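Got your viewer open? Let's take a short walk through this model, one selection at a time.

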Amino acid sequence: MINVNLEEKKQIGHESELRYDMLRDEWVIISDKRKKRPSDFVDESEKPEYDLESDLFADPEKTNQERDVLIYRNEEEEWTTRVFPNKYPAIETDNVAKDLSEGPYQSMRALGHHEVVVTRDGRRVFAMLEQNELAEVIDAYKERYISLMSGQGVSSISIFHNHGKKAGASILHPHSQIIALPVVTPAVMQEIRVCQKHARSHKEHLFEMMVEYELECGKRIVYTNDKFIVYCPFASSRAFQMRILPRQQQPYFERISPDDELFLADALSYALKALYNTLDDPDFNYYIRTAPCDGQAYDEYSFHIDVFPRTHIYAGFEFATDIEVVPVAPENATKHLRDSIEIH
């Protein structure tokens, strides 16, 4: 059992703190005195209105999208979720390798796969979806992950969702993306190294320790169910950032059971609805980080989902130091997120 100092359970006041992010091996500054109310983060600019006629994903065949690689249908045989290759991929998809190195610099063709996961109704953002609808999306993620990981030269797969212009969404219709790469992404590799080092030094798994402590402490827990926790990380790198972690450590997202998909959908649904209610439908990203599919064992790691609202701009200090300045303490963000669900 981890000992929790009762003094730590008090709500954070107005004193700036340097906090160490154990998972990313980085520091952040929590400067709660700058902005304290959720309304301070609400984007007052007018949001674009949905237009069915200009919606590229309302009828993918009509707009000449690529052929589906996966499609879900309801009892009326209407499609509900579909996956197809991105018409304008970020990487090359012909699997023709080429060394592009120059002098001391290493380079190669960016080979892989780039797919789009689309839900039917372009007006219903993911915060509006029911648990079973999000579970279907998560199942699509998993099925395409399993299919892509067996491809030649695939070492890692990134699954992410952009909502809003500030988050990089160029199409208003809600959609996620999946990119399979021939390299392990630096962000995941850094987290794995930290977890491996922690296991060697402390004879325990970092994710298991964090889950145990956060559940015991309670002050950053936004929501829990039988299989997952939603919490604001101690050293959050954005105001109102949330992380979804399995209660039992699981390195590989693609190995979750159908029952776990429902519990994960429940946790993600709660997180997205809380963010929607608290900040009035802000721009955000969420992404799944999971152990690579390169054939190596990563027992010390655990897959997780980070929900990353676009609440402030990266400025000069952040670029110069790589230290984020976060204007709301995660403990206070947690309270607002919880309250938003109770009020609604």
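Over which residues does pLDDT stay under 50? Select residues 6–11: there the pLDDT stays under 50, and the model has 8 contacts for them beyond four places in sequence. This is a predicted model, and where pLDDT is low, the predicted coordinates should not be read in detail. Now colour the protein chain by pLDDT: its average is 93, and 94% of the residues score at least 70.

**Next stop: the open sheet**

Select strand 1, strand 2 and strand 13, which form an open sheet of 3 strands in the order 1-2-13, with mixed pairing. Strand 1 (17–21) and strand 13 (324–326) stand at the edges; each has a single partner strand, so one side of each lacks a neighbour in the sheet. On average, neighbouring strands here are turned by 30° against each other, direction ignored.

Zoom in on strand 1 and strand 2 (residues 26–30), which pair in the antiparallel sense over 5 bridges. Pick out Glu-17 and you will find Ile-30 of strand 2 standing opposite.

**Last stop: the largest pocket**

Now select Lys-47, Pro-48, His-163, Leu-172 and Asp-281. Of the 27 residues that line the largest pocket, these lie nearest its centre. The volume of this pocket is about 580 Å³.

Add strand 6 (residues 156–163) to your selection: this strand gives the largest share of the pocket lining, 3 residues. Finally, try colouring the lining by residue class, and you should see 9 nonpolar, 9 polar and 9 charged residues.

Notes:
Residues numbered from 1 in each chain as written. Predicted model: local features only at pLDDT ≥ 70, side-chain atom pairs only at ≥ 80, totals over all residues. Heavy atoms only, no water. pLDDT = per-residue confidence, 0-100. Contact = heavy atoms within 4.5 Å. 1 Å grid on protein atoms, 1.4 Å probe; cavity = no way out; pocket = protein on both sides within 12 Å on 5 of 7 lines; lining within 4 Å. Points joined across faces, edges and corners; volume = space filled by probe spheres on them. Helix = DSSP H or I, 4+ residues; strand = E, 2+ residues; numbered from the N terminus. Nonpolar A, V, L, I, M, F, W, Y, C, P; charged D, E, K, R; others polar. Pairing = 2+ DSSP bridges. Axes fitted to C-alpha atoms, helices over the stretch in contact; angles between N-to-C directions.
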